[in-house]
Amino acid sequence: MASLYRSSRPLASMLFALALIGAVADAQTAPKYPNYPSETPEHFEPTDAGSDYSRRIEMIPMRDGVKLHTVILVPKSAKHEGILLTRTPYSADVLTTNAPSVHLASSLWGYDNATETIVAGGYIRVVQDIRGKYGSEGDYVMNRPLHGPLNPTPVDESTDTYDTIDWLVKHVKESNGKVGVLGISYDGYLSLMPLVHPHPALKVAVPMNPMVDGWRGDDWFHNGAFRQQNIPYIYEQAATRTNDAHWLTSTFDDYDTYMRAGSAGELARQRGMDQIGFWKKVAAHPAYDAFWSDQAVDQILAKQQLTVPTMIVDGQWDQEDIYGAIAVYKALKSQKNGNLFLVLGPWYHGQEIEEASSLGAIKFHSDTGLYFREEILAPFLAHYLKDDAPAMKVAPVTAYVTGANKWERLQTWPSGCAEGCTQKATPLYLKAAGKLGFDESEAGETLLSSYEEYVSDPAKPVPFRSRPSEPVGYTPNLSWVRWLVDDQREFSGRTDVLTYSTEALTAPIQISGEPIANLTASTSGTDSDWVVKLIDVYPDEVAGQPEMGGYQLAVAMDIFRGRYRESLAEAKAIPADSPELYKFALPNVNHVFLPGHKIMVQVQSSWFPLYDRNPQTFVPNIFFAKPGDYKKATQRVFHSSFVELPVVHVE
C-alpha cells in the first residue's frame, strides 16, 4: 500500500496544478460585467397575421438527393387552385420579396411576374432556385444540358422540374393538381426544358423570350460573332453561387473598355475568368460544333412530341434573345396538334410584363403589354389551370404589326394576314449610287464588275450605338433595353458604312417573316464580319411628332462572321479579293413601311463593342487574336447583292 501511495502522489500533484492553472485562467477571462442576454432570437419565425397570403419555404428533394430552395406563395383564399411555377438562377427570395407588404401583389417582382395575371387568377405562385444557385444545393452549370453526351449525370433541368412538380402536387394541399410553368430569358429556357418527358400534372407552359441557341442568335454569339458585352454577365452569374462577385467597370464608355483590352479573350484573362468553367467552354468553342448544336433547344424539341399546350412569346426588338422563340416555333409548327401558340409583340426583352405603349421613340398608341396580359395570357392560363376550364379565344398566332400599330389573329406564322393574302419572297437589290430597288436593272454578267467599297479599320470599329456605349443592364439610368430602335442616322453618314435607299414609297409594303441577306462581297483581308441592317426611314417631317422627322428605325439587323460562310461548324479563311456569297437570315419582323417612308439597307463590317472585333486576318481562334493580327481591309459589296423580303400581297 505504501508503494501505491507514493506512486499516486505525483499524479495528484499534477491534477492539483492543472486545476489551479484552470482557475487562474477562468479568473482572467471571466467577464468584468454580468452577461446581458441577446434580445435577438437565434431563429425568428415570422407570422402571416393580416396577410392575404402565406409564404412557405421548402427544400424540395430531387432524385439524386440534392434539395432545391423553393418559395411557395399561397393566397389565403386558395382552396383548389392551379400552381404557376418559375425556376430561376436569379434568387427565388429576391423575386418574391419586392415590398414589405401583407398583400401578394406587392411581393411579386422581377422577371416572369405578370403580377395582375397571377393575382387576379388566384394562382399559387412557386419560385425555385435551380441547383447550384442561391439557396439550393448542388452544382451550377450554365444552361445545364439534358442528360446525354454533354451531361453524363442522371439529372438535368427537365428531371428537376419533373421532381419539383411531383412534390408540389403531393404536398400543397390548396392546389388542384394542375401546374403551369412560365419564365422569361433564362427562366424561359427553364420553361422549355420540362417539355421533354413532361410530368402528367404539367398542363401549360409559357416560355417568354427564351434562351434557345447561344451560338446561332441568342446570348453568346450571333452567327459566330461573339457578344462580348455579355462577358460581365458570365462573370457575375457563374463566379459565385449568389452572384456577389461583381464586375467592376473601368470606364463609363464600354467602347473604351473593350478597345483597350484588345480581344475578348484578353479582357477575360485580365479579369480572372479562366477560373470560370463556362467561360473556358465558350472560349474553346468559337464555331458551331457539337458543344453548341447538341444543346440547341429547338433541335431537341423538334424530336419531341409536344403534348403540353405551349405559348411561345417573342419580342420583335428583343435586344438579347431575338432568335430563340421563333426557332422553337419553327421546330414545332409542323406537328399541327393544337398545342402550339405564338405571340409576337413589339417589345424589348421581357417588356410584355411591363407598360408597353412605346419603345424608345416609337409609339404604339396603346399599352401592348397590358393587352397581352389581359387578353391573351390570362385566358390562356385559366383555360388550362382552372377546374372549370373557361372558354379561350386565343388564336394560334397573335402578331402585332409595327408601323400599322395593330394586332392580327393568324392561324400560322408567317402568313401575313388572316385571310385573302399571300406571302412572296421578293428581292430588294443593292444598286449603284446608293440606290435600292425591286427591279434588277443591270445585266447579270456585269454585276460582279459593279460595286461600292469602303475601308474597315479595326482600330476604329463602327459603334453599335451612339457613344458613350453603356453597359448591358436594366437599371433606370441605362438605355440597353432600347438600343435596337436607336436612330441609325449617325452610322449612315460614316465612310465605313454603305447606305442604300429607295425613293419615298407611294403605297404601303408589309413584310412578315425573316428577311434574308444575300450579300456578294469581297475583302482584301482573309476574314471579315458583315452587318446588314433593314431600316424604315421616316418622312422628313412627321405631323404630331416632329422629333421623328427623318428617323431611321432599324426593323431587322444582324451580323455574320465570314469565316463560317461554308460551314458553321468549321472556320475557313476567306480568299483575298474574291467575291463570296454570305447568306444569312435577319430576325423576324411583322412591319408595314408606310407611304412617304423609305426602305434603307446599311452594310458594315464591325458592330462594336457589342460584338468582338474581327481582326480581318484569319486566325484559328479570334478570342486569342494578337494586336498585330488586326489590320485594315478594303470591303467591296457587289450589285448582285440583295435582301430577300417576305412581302405580303393582298389578293
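**Exercise 1. Decide whether Ala389 is buried, partly exposed or exposed, then place it in the chain.**

*Solution.* Start with the accessibility: Ala389 has a relative value of 35%. Buried would need under 20% and exposed over 50%. Ala389 therefore counts as partly exposed. Next, find it along the chain: Ala389 is in the loop that runs between α14 and β13 (397–401). Now look at what it touches. Setting aside neighbours within four places in sequence, Ala389 makes contact with Ala382 and His383. Last, try a long reach: from Ala389 to Val531 is 142 residues in sequence and 48 Å in space, C-alpha to C-alpha.

**Exercise 2. Get a feel for the whole chain, and for how confident the predictor is in it.**

*Solution.* Keep in mind that this is a predicted model. The pLDDT averages 92 over the chain, and 93% of the residues score at least 70. Then check the weak spots. Residues 1–12 have a pLDDT under 50, and the model gives them zero contacts beyond four places in sequence. Residues 14–18 are also below 50, with zero contacts beyond near neighbours in sequence.

Now the overall build. The chain has 15 helices and 27 strands. Its C-alpha atoms fill a box of roughly 125 × 65 × 50 Å along the principal axes. Of the 651 residues, 56% are buried. Among contacts with a separation of 6 or more, 74% are between residues 24 or more positions apart. As for the outside, the accessible surface is about 27,500 Å², and carbon and sulfur atoms account for 55% of it.

**Exercise 3. Work out how the rings of Phe380 and Tyr384 are paired.**

*Solution.* A pair of aromatic rings is described by the distance of the centres and the angle of the planes. Take the distance first: the centres of Phe380 and Tyr384 are 5.3 Å apart. Then the angle, which is 70 degrees, so the pair is edge-to-face. Where do these two residues sit? Both are in helix α14 (residues 368–385), four residues apart, or about one turn of the helix. Phe380 is buried, with 0% relative accessible area.

Now repeat the steps for Tyr400 and Trp407. Their ring centres are 5.1 Å apart and the planes meet at 75 degrees, so this pair is edge-to-face too. Tyr400 and Trp407 are both buried. If you want to keep going, the structure holds 32 aromatic pairs.

**Exercise 4. Follow Trp279 through the interior of the model.**

*Solution.* Begin with the rings. Trp279 belongs to an aromatic cluster together with Trp215, Phe221, Phe226, Tyr288, Phe291, Trp292, Tyr564 and Phe623. One member of that cluster, Tyr288, has a charge above it: the charged end of Arg216 sits over its ring, 5.9 Å from the centre.

Next, step out to the nonpolar core. The largest one has 111 residues, and Trp279, Val603 and Val637 have the most contacts inside it. Helix α13 (residues 324–332) gives this core its largest share, five residues. There is also a second, separate core of 59 residues, and Phe380 from Exercise 3 is in it, along with Val481, Leu484 and Ala554.

Finish with the contacts of Trp279 itself. Apart from neighbours within four places in sequence, Trp279 touches residues including Phe226, Ile231, Ala264, Met273, Asp274 and Phe623.

**Exercise 5. Track down some backbone oddities in the loops.**

*Solution.* Look for cis peptide bonds to begin with. Trp413 and Pro414 are joined by one, with omega at about -5 degrees. Pro414 is in the loop between β14 (406–410) and β15 (421–430). Arg467 and Pro468 are joined by a cis peptide bond as well, with omega at about 5 degrees. Pro468 is in the loop between β17 (451–456) and α15 (489–492). Arg467 has another role to note: its charged end sits over the ring of Tyr255, 3.9 Å from the centre.

Then hunt for positive phi values outside glycine. His365 has a phi of about 70 degrees. It lies in the loop between β12 (362–363) and α14. Its relative accessibility is 68%, so His365 counts as exposed. Asp577 has a phi near 60 degrees, and its loop runs between β22 (552–561) and β23 (580–585). At 54% relative accessibility, Asp577 counts as exposed.

Conventions. Residues are numbered from 1 along each chain as its sequence is written. This is a predicted model: local features need pLDDT of at least 70, side-chain atom pairs count only at pLDDT 80 or more; totals for chains, interfaces and linings use all residues. Side-chain values use heavy atoms; hydrogens and water are left out. pLDDT is the predictor's confidence in each residue, from 0 to 100. Contact means heavy atoms within 4.5 Å. Rings of Phe, Tyr and Trp (its six-membered ring) pair if their centres lie within 6.5 Å; planes under 30 degrees apart count as stacked, over 60 as edge-to-face and the rest as tilted. Buried means under 20% relative accessible area, exposed over 50%, partly exposed in between (1.4 Å probe, protein chains only). A charge sits over a ring if NZ of Lys or CZ of Arg is within 6 Å of the ring centre and within 35 degrees of the ring normal. Accessible areas come from the Shrake-Rupley method with a 1.4 Å probe; for residues, only the protein chains shown count as cover. A nonpolar core is a set of buried Ala, Val, Leu, Ile, Met, Phe, Trp, Tyr and Cys residues joined through side-chain atoms within 4.5 Å.
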